[in-house]
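Here is a friendly briefing for a computational chemist. Please have a look at the sequence and the structure below before reading on.

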Amino acid sequence: MSLVERLQDSRRREGHPSQKAPRVARTSSAAPRPTVNRDLRTQLLRLDRIDSTLRSAWVATEFKDRALERKLNALTDAGIDWLRETIKVHGWPGHRLVGRSAAAAAWRLIQHADCSLAFQKRCLKLLRDAAARGDVPIQQVAYLTDVVRMREGKKQLYGTKFRKVKGALVPYPIEKEADVDLRRKAMNLPSLAAYARKIRRTFQPS
């Protein structure tokens, strides 16, 4: 079953060659240009559009609308089932497989998912490997690392996750917080202070 079919099912239950020898030799030795899998790309982008619409509406209710939350959970569950099968066949859907935008959608999906921790850790390893070969931005590794560590009951390393305390958005506890900007710089992230300002402008406008 395709992801689109899964989403539909979920909603019903409630998203000319050269003749010169040298030139021929160079062409045959060159690595083939990777081809984006258009079907995987289309399904990821569709999922991401639906998720973004629902999540924005949910955020606007300050996460209080339970009906929207249930729709988001059903969408994410269908997406995770699809992602498991995709990984079995293709590996992590990075830039070479699905293009930059759809690869980012896959990263957002696994970040938001309340799936098994074992699967999320497997995805983190695949994401690290993809970043090492330049197939995804290294920043994505930092965000998912914090998600996994927090689910394990540990402090986050990069300060990517925030919560509301006494009406203010603040980072969840950070391991060795005095060194967090050094770790963030190593992952091509802005300083924690700059990131916090962006988070507050987005989710807590004055």
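What follows is a short tour of the fold, the open and closed spaces, the hairpin, one helix residue and the cysteines.

Please keep in mind that this is a predicted model. The chain has 206 residues, of which 39% are buried, and its secondary structure consists of ten helices and two strands. The largest pocket holds about 1,700 Å³ of space, while the largest cavity has a volume of about 70 Å³.

**Overall fold**

- Reading from the N terminus, the elements follow the order α-α-α-α-α-α-α-α-β-β-α-α.
- The two strands, strand 1 and strand 2, run antiparallel and are joined by four bridges.

**The largest pocket**

- A total of 40 residues line the largest pocket.
- If you want a starting point for looking inside, Arg-55, Phe-63, His-112, Lys-161 and Phe-203 are the lining residues that lie nearest the centre of the pocket.
- Several elements each supply at least two residues of this lining: helix 3 (38–60), helix 4 (66–90), helix 6 (100–112), helix 8 (138–151), strand 1 (162–165) and helix 10 (192–203).
- Helix 3 gives the largest share of the pocket lining, with seven residues.
- In terms of chemistry, the lining of the largest pocket contains 17 nonpolar, ten polar and 13 charged residues.

**The largest cavity**

- Around the largest cavity you will find Leu-44, Leu-47, Asp-48, Asp-51, Thr-76, Ala-105, Arg-108, Leu-109 and His-112.
- Helix 3 and helix 6 are the elements that give two or more residues to this cavity lining.
- Sorted by class, the cavity lining has four nonpolar, two polar and three charged residues.
- His-112 is worth finding in the viewer: this residue is among those nearest the centre of the largest pocket, and His-112 also lines the largest cavity.

**The hairpin**

- Strand 1 and strand 2 (residues 168–171) form a hairpin, with two residues between the strands.
- Within the turn, Lys-166 has a positive phi of about 50°.
- Val-165 has Ala-168 in strand 2 as its bridge partner.

**Ala-131 and its surroundings**

- Ala-131 belongs to helix 7, which covers residues 117–132.
- Is Ala-131 buried or exposed? Ala-131 is buried, because its relative accessible area of 18% falls under the 20% cut-off.
- Leaving aside neighbours within four places in sequence, the contacts of Ala-131 are Val-136, Ile-138 and Val-141.
- For one of these partners, Val-141, the separation from Ala-131 is ten residues in sequence and 7.6 Å in space, taken from C-alpha to C-alpha.

**Cysteines**

- How many disulfides does a search of the whole structure find? The search finds zero.
- Cys-115 is in no disulfide, and the nearest cysteine sulfur, that of Cys-123, is 6.7 Å away.
- Seen from the other side, Cys-123 is in no disulfide either, and its nearest cysteine sulfur is that of Cys-115.
- The gap of 6.7 Å explains why this pair is not counted, because a disulfide needs the two sulfur atoms within 2.5 Å.
- Cys-115 is buried, with a relative accessible area of 11%.
- Cys-123 also counts as buried, at 0% relative accessibility.

Methods:
Residues are numbered from 1 along each chain as its sequence is written. This is a predicted model: local features need pLDDT of at least 70, side-chain atom pairs count only at pLDDT 80 or more; totals for chains, interfaces and linings use all residues. Side-chain values use heavy atoms; hydrogens and water are left out. On a 1 Å grid over the protein atoms alone, a cavity is a set of points where a 1.4 Å probe fits but cannot get out, and a pocket is an open set with protein on both sides within 12 Å along at least five of seven lines; lining residues have an atom within 4 Å of a point. Grid points are joined across faces, edges and corners, and a volume is the space filled by probe spheres set on the points. Ala, Val, Leu, Ile, Met, Phe, Trp, Tyr, Cys and Pro count as nonpolar, Asp, Glu, Lys and Arg as charged, and the others, Gly among them, as polar. Buried means under 20% relative accessible area, exposed over 50%, partly exposed in between (1.4 Å probe, protein chains only). Contact means heavy atoms within 4.5 Å. Two strands pair if DSSP finds at least two bridges between them.
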